[in-house]
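Here is a short report on one chain, from its hairpins to its overall build. Please look at the model before reading on.

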Amino acid sequence: MEMAKISSGKLRAIGFESKTKTLRVELDEGSALEYANVSEDLWRRFKGSGAQWSFYRDNIEEEL
């Protein structure tokens with residue numbers, strides 16, 4: 001899975017594997033979380049968000 005380095009809130013890298021529909025987020029303290037069955041639409045909206053940390057908290061962390 002290719003990870004994109006970002007700096008948004010506690011997020012440091014994000015990546016998505018379309019074959020398995022797995023989203024991976026890496027946090028600033030070094031931990032990583034994976035979410036299964038993530039739609040490509042959700043990934044595109046997350047990746048393209050101007051406030052990725054807020055999008056993550058509102059649409060991924062609390063929903064998945």
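Lysine 21 takes a positive phi near 55 degrees in the hairpin of β2 and β3, which has four residues between the strands. The hairpin of β3 and β4 also has four residues between its strands, and there glycine 30 takes a positive phi near 105 degrees. The model is predicted: local features need pLDDT of at least 70, side-chain atom pairs count only at pLDDT 80 or more, and totals for chains, interfaces and linings use all residues. Numbering starts from 1 along each chain as its sequence is written, and side-chain values use heavy atoms, without hydrogens and water.

Now the strand pairing. Two strands pair if DSSP finds at least two bridges between them. Strands are DSSP runs of E with at least two residues, helices are runs of H or I with at least four, and both are numbered from the N terminus. The two antiparallel pairings are set out below.

| Pair | Residues | Bridges |
|---|---|---|
| β2 and β3 | 11-17 and 22-27 | six |
| β3 and β4 | β4: 32-35 | four |

Glutamate 26 has a bridge partner on either strand. In the β2 and β3 pairing, glutamate 26 of β3 partners alanine 13. In β4, its bridge partner is alanine 32. Leucine 23 stands opposite tyrosine 35 in β4.

Next, two loop residues. Lysine 10 sits in the loop between β1 (3-8) and β2. Its relative accessibility is 46%, so lysine 10 counts as partly exposed. The classes are buried, under 20% relative accessible area; exposed, over 50%; and partly exposed in between (1.4 Å probe, protein chains only). Leaving aside neighbours within four places in sequence, lysine 10 contacts Glu26, Leu27, Asp28 and Trp53. Contact means heavy atoms within 4.5 Å. From lysine 10 to tyrosine 35 the C-alpha distance is 17 Å, with their positions 25 residues apart in sequence counted as separation.

Serine 39 belongs to the loop between β4 and α1 (40-48). At 38% relative accessibility, serine 39 is partly exposed. Its C-alpha atom lies 8.8 Å from that of threonine 22, and the two are 17 residues apart along the chain.

What is the order of elements from the N terminus on? The chain runs β-β-β-β-α-α. The radius of gyration is 10 Å, close to the 11 Å that the globule rule gives for 64 residues, so the chain is as compact as a globular protein of that length. That radius is taken over C-alpha atoms, and the rule is 2.2 Å times the number of residues to the power 0.38. Along the principal axes, the C-alpha atoms fill a box of roughly 25 × 20 × 20 Å.

Buried residues make up 33% of the 64 in the chain. Of the contacts with a separation of 6 or more, 24% are between residues 24 or more positions apart. The accessible surface is about 4,100 Å², and carbon and sulfur atoms hold 42% of this area. Areas come from the Shrake-Rupley method with a 1.4 Å probe; for residues, only the protein chains shown count as cover.
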